Amino acid sequence: MKNLLLLALFVFTTSTTFGQIDTSTIVESAKEYMDAYLNGEYESMADLTHPNILSLSGGKTFVAQDLENDRGSLEAMGFNVLGGEVGTPGQVYEAGREALCFVPIFYMLELQGKKYKSETTILASSSSNGKIWKFVSLDRQDQESIKTFIPNYNSEMGWPELKPMESIEE
């Protein structure tokens, strides 16, 4: 009976740990990640990238170069990135020893003199009970492929909907 009570207490404690994470730290870290992108600081962005992405993708230098190449491709298509804003993080889920949640980022873009708003979603991950957050860009991922990088990905999270850019009227 005593062991059953200890087990119940342990389960309750671990299941509430992620519910008590302060989402303002997620937003602050996501803003750093977004600002690094906006300012072309790809090494800083790589520093904020989930360690599994770094190790499985060839390391920090490769990831930074890949991020820079992606930005270059966007600009080669005629897009100019004007700014960005971090949205409200979604629910925090337990995934093994990680806390995971989706965070929307809204980028303001210009193409041929017209302005657009583009919503993208990143996956935030913390193995430190919400003190330090790392990110995964979901541009090249789907719900199945993310498990390659985040093996404990919690399928209960669902997957963010891909949304088209919106024209911004001035």
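Which residues lie nearest the centre of the largest pocket? Keep that question in mind while the whole chain is still on screen, remembering that what you have open is a predicted model, and select Thr-120, Ser-137, Leu-138, Asp-139 and Arg-140, which are the residues of the lining that lie nearest the pocket's centre.

**The whole chain**

Before going further into the pocket, colour the chain by secondary structure, and you should find six helices and six strands, arranged along the sequence in the pattern α-α-α-α-α-β-β-β-β-β-α-β. The chain has 170 residues, of which 38% count as buried, and its accessible surface comes to about 10,100 Å², with 53% of that area belonging to carbon and sulfur atoms. If you display contacts with a separation of 6 or more, residues 24 or more positions apart account for 56% of them.

**The largest pocket**

Return now to the selection around Thr-120 and Ser-137, and extend it to the full lining, which is made up of 37 residues around a space of about 1,100 Å³. Colouring this lining by class gives 21 nonpolar, eight polar and eight charged residues. To see which elements bring these residues together, select α2 (23-38), α5 (60-76), β3, β4 (114-126) and β5 (134-137), each of which supplies at least two residues of the lining. Helix α5 has the largest share of the lining, with eight residues.

**Arg-71 on helix α5**

While helix α5 is highlighted, select Arg-71, which lies in this helix. Is Arg-71 buried or exposed? Arg-71 counts as buried, because its relative accessibility is 7%, and the cut-off for that class is under 20%. Showing its surroundings, and leaving aside neighbours within four places in sequence, you will find Arg-71 in contact with Tyr-37, Leu-38, Gly-40, Tyr-42 and Val-81.

**Two stops on helix α2**

Move next to helix α2, and select Thr-23, which is found in this helix and is partly exposed, with a relative accessible area of 34%. A distance drawn from the C-alpha of Thr-23 to the C-alpha of Val-92 should read 8.7 Å, although the two residues are 69 residues apart in sequence.

Further along, Ser-29 also has its place in helix α2, but here the relative accessibility is 12%, so Ser-29 counts as buried. Not counting residues up to four places away in sequence, Ser-29 touches Leu-48, Trp-133 and Phe-135, and the last of these, Phe-135, leads to the next stop.

**The nonpolar core**

In soluble globular proteins, nonpolar side chains tend to be buried together. In this model the largest nonpolar core has 45 residues, and those with the most contacts inside it are Ile-26, Val-103, Leu-123, Phe-135 and Ile-150. Strand β3 (residues 98-111) gives the most to this core, with nine residues.

Centre the view on Val-103 and ask what surrounds it: which residues is Val-103 in contact with, leaving aside its neighbours within four places in sequence? The contacts of Val-103 are Ile-26, Ala-30, Val-86, Gly-87, Pro-89, Thr-120, Thr-121, Ile-122 and Ala-124. Thr-120, in contact with Val-103, is also one of the residues nearest the centre of the largest pocket, and Ile-26 is another residue with which Val-103 is in contact.

**Leu-82 on strand β1**

Select Leu-82, which lies in strand β1 (residues 79-86) and counts as partly exposed, at 42% relative accessibility. Its C-alpha and that of Glu-110 are separated by 6.9 Å, while the two residues are 28 residues apart along the chain. Leaving aside neighbours within four places in sequence, Leu-82 is in contact with Met-108, Leu-109, Glu-110 and Lys-115.

**Two loops with positive phi**

For the last stops, follow the chain into the loop between β3 and β4, where Gln-112 lies. The phi of Gln-112 is near 50 degrees, a positive value in a residue other than glycine, and Gln-112 counts as exposed, at 76% relative accessibility.

Then continue to the loop between β4 and β5, and select Asn-129. Asn-129 has a positive phi of about 55 degrees although it is not a glycine, and with a relative accessible area of 47% Asn-129 is partly exposed.

Methods:
Residues numbered from 1 in each chain as written. Predicted model: local features only at pLDDT ≥ 70, side-chain atom pairs only at ≥ 80, totals over all residues. Heavy atoms only, no water. Core = buried A, V, L, I, M, F, W, Y, C linked by side-chain atoms within 4.5 Å. Buried < 20%, exposed > 50% of the residue type's maximum accessible area, 1.4 Å probe, protein only. Helix = DSSP H or I, 4+ residues; strand = E, 2+ residues; numbered from the N terminus. Contact = heavy atoms within 4.5 Å. 1 Å grid on protein atoms, 1.4 Å probe; cavity = no way out; pocket = protein on both sides within 12 Å on 5 of 7 lines; lining within 4 Å. Points joined across faces, edges and corners; volume = space filled by probe spheres on them. Nonpolar A, V, L, I, M, F, W, Y, C, P; charged D, E, K, R; others polar. Areas by Shrake-Rupley, 256 points an atom, 1.4 Å probe, with all protein chains shown as cover.
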